[in-house]
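Colleague: Got a minute to go through this one with me? I'd like to put some questions to you as we look at it.

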Amino acid sequence: MRGKNYRITVLTSRLIRLEYSSTGQFVDGYTQLVTSRDFASPEYDVKYNGDCLEIETGDLHVYYDQKEFSPQGLKIMLQKGFGIYGSTWKYGDKVRTLGGTARTLDNANGAVELEDGLLSREGYAILDDSKSAVITEDGWIRPREIDGIDIYFFGYGHDYLDCLKDFYHLCGKTPLLPRYTLGNWWSRFYPYQQDEYVSLMDRFAQEQVPIAVSVVDMDWHMTSLPEKYGSGWTGFSWNPELFPEPERFLQELHERGLHVTLNLHPADGVKGHETQYVPMAKALGVDYKNEERIPFEVTNPKFMDAYFKYLLHPLEEQGVDFWWMDWQQGTTSEIPGIDPLWMLNYLHYKDSCRNGNRGLTFSRYAGIGSHRYPVGFSGDTVNSWESLDFQPYFTATASNAGYSWWSHDIGGHMMGEKNDELATRWVQFGVFSPIMRLHSTSNPFYGKEPWNFGTDANRIMQDFMRLRHRLIPYLYTANYETSEQGIPLMQPLYYHNDCDEAYRHGNEYYFGSQLLVCPITEPQNQKTCLAKTDIYLPQGIWYDFFTHDVYEGNRTMEMYRTLDSIPVMAKAGAIIPLAEDYSRAHLHNPKYLELQVFHGADGQYTMIEDDCSNQKLQQSRYQTEFVYRCDPEESVLTMHRTGNHFPDEMNNRVYKIRIIGVSNPTAVRVNQTLRKEGIDYHYDAKLSQLLVTIQEPDCDQFEIALTLLDGQVQQPDARAEIFDRLNRMQISYDLKARIYEIVCASAPLSERMRRLHSLRIDADISGAILELLYA
């Protein structure tokens, strides 16, 4: 609908573009924010009631007086949805969203203020595109010449994922990340010698701790310069004192299966000491004989073409895989309204996609729409419990702005004090976060290598870092789901549970389609030697991923964990693929795969793989579908391939299948047409799990059906775990014995709980016991 000074476009039944211009001119091209308005035309009705224009879509009712936008003249009412029928927005209203994300966590010691996201409990949100620049046909940027209002109304009720899917349609998909980015990253602001750095990577390999990405901070380039050149903060040439043979350095890292990124601070431009100064100065007409400084001009296409051609591409030819853009110099540029950080992210990502490559950049967040240029670098946080406690909420809530791939300085960047427990808890969160990157400052005592910590912390950190690489088949599938379906890897609880408890538990989140995670972000109790966290379990049966304890859902409870575990919950029916060979999982589709199936409900999972040996955007994709049908008398797991011809190295895959939480079945069988000689299986009564090993047939199309007869849901014996918890506690031996006697009594649960309460013991002691009795 269009009038003299307004235009209203119904993009979907719940997404409407509202424009007002005093000149009657409007923007039809793409902008910094919007990349497509090509939606399927929805049905809607239009009528005029005097001067009032009304539009009804079935989900929204628009009232507009056809004058300059005002609270009195423009409002939109939600027609239906989640008990918020009649929720009404008036132009100019401040929308109380559920939060989005923030540009940086630099110097943060705890929470920072978040920008708005796209979701609200009121059921609507506004995306303002009025000031963003226009992208020209040749891919450059020009200021928006039309002064007016250009906003998008999202009225999706509490259909949060549907809202995000249409946001991605409007503002562009999240790109598919290269597989290796999902492994462990090593980073430190430290002046490494090149052989020292390679030796460190070898030490990780000797410790059997996999690293996928080597991040080299700013000391890769010359930082101490002759006075005439000024500061060495900006640099584009290797420091020959630290890296005398950069090509050999990069080659040695690649031979070890590592990918490399180098840090950039480009704001000071290009000075006469740089290796590529003369050819770049000649190309730009700069007085190179007098070493005139080439100023940094991110909005000058000639400068940026030379920036990539002369400064970065030669380094990429040496072996640099992608760039870490560390812009910290403000938000203004020569083009009004253009944030230089956004421009750098846009151009760096675009350049990384040349020759059909799968693009990648590593940079700070530059506002909504930045999801198109992953991965995000959140900045230099303070090493504290407060910082750790904020990061799960911060990372999950970023999904409300469509931003999935945050990378934090795991363990904190600076200040604070050494604390083995805090460092371990941070690594555990890092493993269950989008990008797992260790990083710290150059203080010689600040190294984040696991072996710099105590025996227990070292062991646990290493185990979790191995687990991160084992999870890559699961993470890579979620990578596809994020890119193609608009489903973020980390999702707040309220995406799937519309209740007050889901909104109150901000540090708890879904991690992919099969797991629910609640990191521990506070120190342990000195008496119990356990740390606790408050968790909400939605409806259903839930398993602890690590202990296999079974919990009934639809309740809030406190969970207690030793240092070697955090609450990671898998719902009954969950199916999770894990690589057996964690050392190369970031490079290859695994030949040996462990499949964890959590008994007690039906489940389905499709694992997505591709030609991960190259980094091209277009490549073959392979899918393996797993379906679990749970029945007390006969449970069946089927798996079959779909899609393209599988390469030879992916044939004859060996599956180690763990059916978790099942009683010992009376029989186990596999399709006789595929497995005539019988199968290899074992039942572990202590862990209540069935272990079956199966090898795929050597063919593209197949189906395997694994059948369990008479397998009931089996809860592990809680007494052994309760004994272990009591044994760790720093309390009276006699009190331990009395508690354990009550736990093991044959009395009903209600009576045993009454006896425990009668002891009047510390709340955390009783809570740690009751958690397992209630499970």
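Colleague: Let's start with Ile742: is it buried or exposed?

Modeller: Keep in mind that we're looking at a predicted model. Ile742 sits in helix α13, residues 733–744. Its relative accessibility is 2%, and buried means under 20%, so Ile742 counts as buried.

Colleague: And which residues does Ile742 touch, not counting those up to four places away in sequence?

Modeller: Thr666 is 76 residues from Ile742 along the chain, and their C-alpha atoms are separated by 34 Å. Leaving out residues up to four places away in sequence, the ones Ile742 touches are Arg752, Arg755, Leu756 and Leu759.

Colleague: How about confidence: where is the pLDDT below 50?

Modeller: The protein chain averages a pLDDT of 92, and 97% of the residues score at least 70. One stretch with 5 contacts beyond near neighbours in sequence has a pLDDT below 50. Where pLDDT is low, the predicted coordinates shouldn't be read in detail. The stretch you're after is residues 673–678.

Colleague: On to charges. Which strands does the salt bridge between Arg7 and Glu19 tie together?

Modeller: A search of the whole structure turns up 43 salt bridges. In this one, the closest N and O atoms of Arg7 and Glu19 are 2.6 Å apart. The two residues are 12 apart in sequence, and since Arg7 lies in one strand and Glu19 in another, the pair ties together β1 (residues 6–12) and β2.

Colleague: Are Arg7 and Glu19 buried or exposed?

Modeller: Arg7 has a relative accessible area of 13%. Glu19 comes in at 2% relative accessibility. The cut-off for buried is under 20%, so Arg7 is buried and Glu19 is too: buried.

Colleague: Which residues are linked with Arg7 and Glu19 in a network of salt bridges?

Modeller: Side chains of opposite charge can pair when their charged atoms come close. Here Arg7 and Glu19 belong to a network of salt bridges, along with Arg17, Asp28, Asp129, Arg144 and Asp150.

Colleague: Now Asp159 and Arg14: how many residues apart in sequence are the parts this pair ties together?

Modeller: The side chains of Asp159 and Arg14 meet in a salt bridge at 2.5 Å, N to O. Asp159 is in the loop between β11 (148–154) and α1, while Arg14 is in the loop between β1 and β2, so the parts tied together are 145 residues apart.

Colleague: What about Arg364 and Asp106: how many residues apart are they?

Modeller: Their side chains meet in a salt bridge, 2.8 Å from N to O. Arg364 counts as buried at 4% relative accessibility, whereas Asp106 counts as partly exposed at 25%. Arg364 is in the loop between β16 and β17 and Asp106 in the loop between β7 (88–90) and β8 (125–128), making the separation 258 residues.

Colleague: Turning to rings: why is the pair of Tyr180 and Phe322 called what it is, and what is that word?

Modeller: There are 54 aromatic pairs in the structure. For this one, the ring centres of Tyr180 and Phe322 are 6.3 Å apart and the planes meet at 35°. Under 30 degrees would count as stacked and over 60 as edge-to-face, so the pair of Tyr180 and Phe322 is tilted.

Colleague: And what kind of aromatic pair do Tyr403 and Trp406 form?

Modeller: Both Tyr403 and Trp406 are buried. Their rings are 4.9 Å centre to centre with 70° between the planes, which makes the pair edge-to-face.

Colleague: Any odd backbone spots? Which residues does a cis peptide bond join?

Modeller: Most peptide bonds are trans. Here there's a cis one with omega about 20°. Val375, on one side of that bond, lies in the loop between β16 (362–363) and β17 (376–377). The bond joins Pro374 and Val375.

Colleague: What is the phi of His548?

Modeller: Most residues other than glycine have a negative phi. His548 is in the loop between β24 (541–544) and β25 (550–552), and is buried with a relative accessible area of 8%. Although His548 is not a glycine, its phi is positive, at about 70°.

Colleague: Last one: which residues make the nonpolar surface patch of about 290 Å²?

Modeller: One member lies in the loop between β2 (15–21) and β3 (45–49): Tyr44. Tyr44 is partly exposed, with a relative accessible area of 34%. The patch is made by Tyr44, Val46 and Tyr48.

Notes: Residues are numbered from 1 along each chain as its sequence is written. This is a predicted model: local features need pLDDT of at least 70, side-chain atom pairs count only at pLDDT 80 or more; totals for chains, interfaces and linings use all residues. Side-chain values use heavy atoms; hydrogens and water are left out. Patches are made of residues with over 30% relative accessible area and no salt bridge: like charges are joined within 9 Å, nonpolar side chains (Val, Leu, Ile, Met, Phe, Trp, Tyr) within 5 Å. Accessible areas come from the Shrake-Rupley method with a 1.4 Å probe; for residues, only the protein chains shown count as cover. A salt bridge is a side-chain nitrogen of Lys or Arg within 4 Å of a carboxyl oxygen of Asp or Glu. Helices (H or I, at least four residues) and strands (E, at least two) are DSSP runs, numbered from the N terminus. Buried means under 20% relative accessible area, exposed over 50%, partly exposed in between (1.4 Å probe, protein chains only). pLDDT is the predictor's confidence in each residue, from 0 to 100. Contact means heavy atoms within 4.5 Å. Rings of Phe, Tyr and Trp (its six-membered ring) pair if their centres lie within 6.5 Å; planes under 30 degrees apart count as stacked, over 60 as edge-to-face and the rest as tilted.
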